[in-house]
Amino acid sequence: MGLLAVEALVKIVLVLLVLVLLVAYMTYAERKIVGFMQVRLGPMRVGPWGLLQPIADVVKLLIKEDITPTMVDKWVYWIAPVLAVVPAFLVFSVIPWGDSVAIFGRQIGQYVADINVALLFILAVMSMGIYGIILGGYSSNSKYPLLGGLRSAAQMVSYEVPRGFAIIGVILIAQSMSLVDIVKAQEHSRIWYFVPQLVGFVIYFISSVAECNRSPFDLPEAESELVGGFHTEYSGIKFAFFFLAEYTNMIAVSAVAACLYLGGWLPPFPNWLPWLKVVPGIFWFLLKVALLLYLFLWFRATFPRYRYDQLMRLNWKWMIPVSIINAMVTGLALILWS
């Protein structure tokens, strides 16, 4: 029991360290990629090609003066950033980044935990992050954060519905809610679920972009209307927590999508290109996550922000009906196939 606890603790520490580093350099990648798309260089001053810019940004946020406005609800104001960031990290406790490997004669899974209700756990934990945003907007005692919090609540609650229905198709095909089992089911069937669940994948990804408050669905932060939205009155380390939560959620939804629809750690075309199996599974997993994250950055540089009525109309009139039809058609196809 002690050995298992140590093993889990080591995995947790590694995951946290890697996530913080990934978030830091996601900001660098975003500024560079968006800069390239806008025909400019992006950050170039700190380190060669600006590679140390994320480190400078982290140091700046840590040493920046942390101001608490006088009329805020202090306890709620302080705890809101924590409520936003903790659920984002908790998701990674059930995400597998590779198959089990033999180390010192023991089979060690490349995941913190594998539970049979992993998808249910992920949906439940991700829905908790909204409380940090709502409470941050409410406790700031300012009209712009309050409006941003209300917008975010309506947006995130609405887009959770089609994302949940989109995932049902994968659960029906794999007959499991464990991410490890879903990836192994794709290996057994020799087809990524991206193929039979293309509609579900598109709905899941669009809903995830909206859930993360990213362009073109960044209405809760709309600078042109709400200054900064729910985190307008935050600074220093508390603002950094909201920032960390947003980018961690982007990585989380991309990692879940890679497991559900893109085969997780499985290499592409295993029957035609068997030599790809030589490459470690974690490489394929990270490559798929990186491609999905690139889409987040591409959207920001390409699409204008939706109006709020357009945002809600897209969800309630199109995405929810299509996601329900996709789940029903998948279930009917499985019944007829069997």
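In this predicted model, the side chain of Thr27 reaches the backbone oxygen of Ala24, at a separation of 2.4 Å. Thr27 is part of helix α1, which covers residues 2-37. With a relative accessible area of 10%, Thr27 falls under the 20% limit and is therefore buried. Once the neighbours within four places in sequence are set aside, the contacts of Thr27 are with Pro54, Phe243 and Tyr247.

Attention now turns to charged pairs. Side chains of opposite charge can pair when their charged atoms come close. The structure holds 7 salt bridges, and one of them also involves helix α1: Glu30 pairs with Arg214, with 2.5 Å between the closest N and O atoms. Glu30 lies in helix α1, whereas Arg214 sits in the loop between α7 (198-211) and α8 (223-226), so this salt bridge ties together parts that are 184 residues apart in sequence. Both partners, Glu30 and Arg214, are buried.

Another pairing is found at Asp309. The side chain of Asp309 meets that of Arg307 in a salt bridge, with an N to O distance of 2.9 Å. The side chain of Asp309 also forms a salt bridge with that of Arg313, here at 3.2 Å from N to O. Asp309 and Arg313 both belong to helix α11, which runs over residues 308-337. The two are 4 residues apart, about one turn of the helix.

How exposed are the residues of this group? Arg307 has a relative accessibility of 48%, so it counts as partly exposed, the class that lies between 20% and 50%. Asp309, with a relative accessible area of 33%, is partly exposed. Arg313 is likewise partly exposed, at 38% relative accessibility. Salt bridges that share partners also occur elsewhere in the model, where they join Glu30, Arg214, Glu246 and Arg300 into one network.

Taken together, helix α1 offers two residues worth viewing side by side in the structure above. Thr27 is buried and its side chain reaches the backbone oxygen of Ala24, while Glu30 is buried and forms a salt bridge with Arg214. For the pairs around Asp309, the view to choose is helix α11, where Asp309 and Arg313 both lie.

Note on methods
Residues are numbered from 1 along each chain as its sequence is written. This is a predicted model: local features need pLDDT of at least 70, side-chain atom pairs count only at pLDDT 80 or more; totals for chains, interfaces and linings use all residues. Side-chain values use heavy atoms; hydrogens and water are left out. Buried means under 20% relative accessible area, exposed over 50%, partly exposed in between (1.4 Å probe, protein chains only). A polar contact is a pair of N or O atoms within 3.5 Å; within protein, one must be able to donate a hydrogen and the other to accept it, and residues adjacent in sequence count only if both atoms are side-chain atoms. Contact means heavy atoms within 4.5 Å. A salt bridge is a side-chain nitrogen of Lys or Arg within 4 Å of a carboxyl oxygen of Asp or Glu.
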